[in-house]
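Welcome! Let us take a friendly walk through this structure, one stretch of the chain at a time.

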Amino acid sequence: MGRLFTVFLLTLFVSFSSAVKSIESPSLSAAPDKEIRFKIFLNDREVGSHRFTLKYQGEKLLVSSTMSLDFTLFMVKKIKYRHQANEVWQAGCLVSLNSHTQKQGKNIRVNAITDASGLVVEHSEGSEIISGCARGFAYWDPTLLDADYLLNAESGEYHPVEISSRVSAESGNRDMLISGPKADIRLQYDAAGNWLTLESKLQIGGLLRYRRTTSEPLSPDLPLTGE
């Protein structure tokens with residue numbers, strides 16, 4: 001969701017517990033490239049989709065996400081939202097980001113790159129430097145949410161967050177809650193750590209829900225850039 005509406009609505013949108021830290025990330029050399037797709041619902045109405053592609057290049061993980069939303073709010077206001085982001089992760093840290101969002105006629109861009117001072121983030125409000133290991137809303141890998149702040153890929157804001165989680169004794173599924181300054185985000189993972197769902201109550205009203213549709217190997221010919 002980054003991530004994320006996820007980002008637009010998550011701008012409407014951590015310290016992990018020891019249980020969360022027990023989830024192991026696959027080694028970059030062994031993890032397969034893959035594509036993850038979600039249908040997005042506002043309450044029970046399908047309103048869009050979100051696609052993630054993950055590609056491993058040596059010690060780097062390249063993540064591309066493309067999101068599209070269209071719906072009418074309160075039977076009057078038409079919402080059109082497009083978001084595309086490219087991220088580069090290395091050694092569990094976000095080292096590069098560029099995103100373009102079209103929201104209600106506005107174009108929003110965020111660019112971030114690492115130099116000797118840290119991750120330099122440029123956005124509409126100016127720029128800032130994030131020192132140390134920067135993290136974003138990497139819903140596709142819960143271990144990468146282990147931070148006190150997460151970078152919003154749409155706005156470039158660095159949000160303070162708190163994370164709690166609970167594991168079902170019956171299914172082994174993990175329910176996770178990200179509490180942020182503007183919204184709470186609920187995530188569910190299966191026993192293997194695969195991301196299954198996302199839910200977030202919107203400030204404008206209604207419940208935003210992600211329902212996973214596919215997770216499949218990424219074709220070598222599929223580009224990482226969005227549509």
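**A guided walk along the chain**

Start with two neighbouring strands: β12 and β13 form a hairpin, with four residues between them. Please keep in mind throughout that this is a predicted model. Strand β13 covers residues 184–189, and six bridges join it to β12 in an antiparallel arrangement. To find your place in this pairing, look for Ile178, which stands opposite Ile185 in β13.

Strand β12 also has a partner on the other side of the story. Residues 162–167 make up strand β11, and residues 174–179 make up β12; the two run antiparallel and are joined by six bridges. A handy landmark here is Glu162, whose bridge partner in β12 is Ser179. β11 and β12 form a hairpin too, with six residues between them. In that turn, Gly172 has a positive phi of about 80°. While you look at these strands, one general point may help: in a regular strand the side chains alternate between the two faces of the sheet.

Now step back along the chain to Glu154. You will find this residue in the loop between β9 (149–151) and β10 (158–160). Is Glu154 buried or exposed? Glu154 counts as buried because its relative accessibility is 2%, and the cut-off for buried is under 20%. The side chain of Glu154 has company: a polar contact of 2.9 Å joins it to the side chain of Tyr81.

Next comes a covalent link. The count of disulfides comes to one, formed by Cys93 and Cys133, with their sulfur atoms 2.0 Å apart. This pair links distant parts of the chain, 40 residues apart: Cys93 lies in strand β5 (residues 93–103), while Cys133 lies in the loop between β8 (126–130) and β9. The link of Cys93 and Cys133 is left-handed, with -115° about the S-S bond. As for their surroundings, Cys93 is buried, with a relative accessible area of 18%, whereas Cys133 counts as partly exposed at 34% relative accessibility.

Our last stop is Asn43, in the loop between β1 (34–42) and β2 (45–57). At 40% relative accessibility, Asn43 counts as partly exposed. Which residues does Asn43 touch, not counting those up to four places away in sequence? They are Gly206, Leu207 and Arg209. Asn43 and Leu207 are 164 residues apart along the chain, yet their C-alpha atoms are separated by 4.9 Å.

Technical notes: Residues are numbered from 1 along each chain as its sequence is written. This is a predicted model: local features need pLDDT of at least 70, side-chain atom pairs count only at pLDDT 80 or more; totals for chains, interfaces and linings use all residues. Side-chain values use heavy atoms; hydrogens and water are left out. Two strands pair if DSSP finds at least two bridges between them. Buried means under 20% relative accessible area, exposed over 50%, partly exposed in between (1.4 Å probe, protein chains only). A polar contact is a pair of N or O atoms within 3.5 Å; within protein, one must be able to donate a hydrogen and the other to accept it, and residues adjacent in sequence count only if both atoms are side-chain atoms. A disulfide is a pair of cysteine sulfur atoms within 2.5 Å. Contact means heavy atoms within 4.5 Å.
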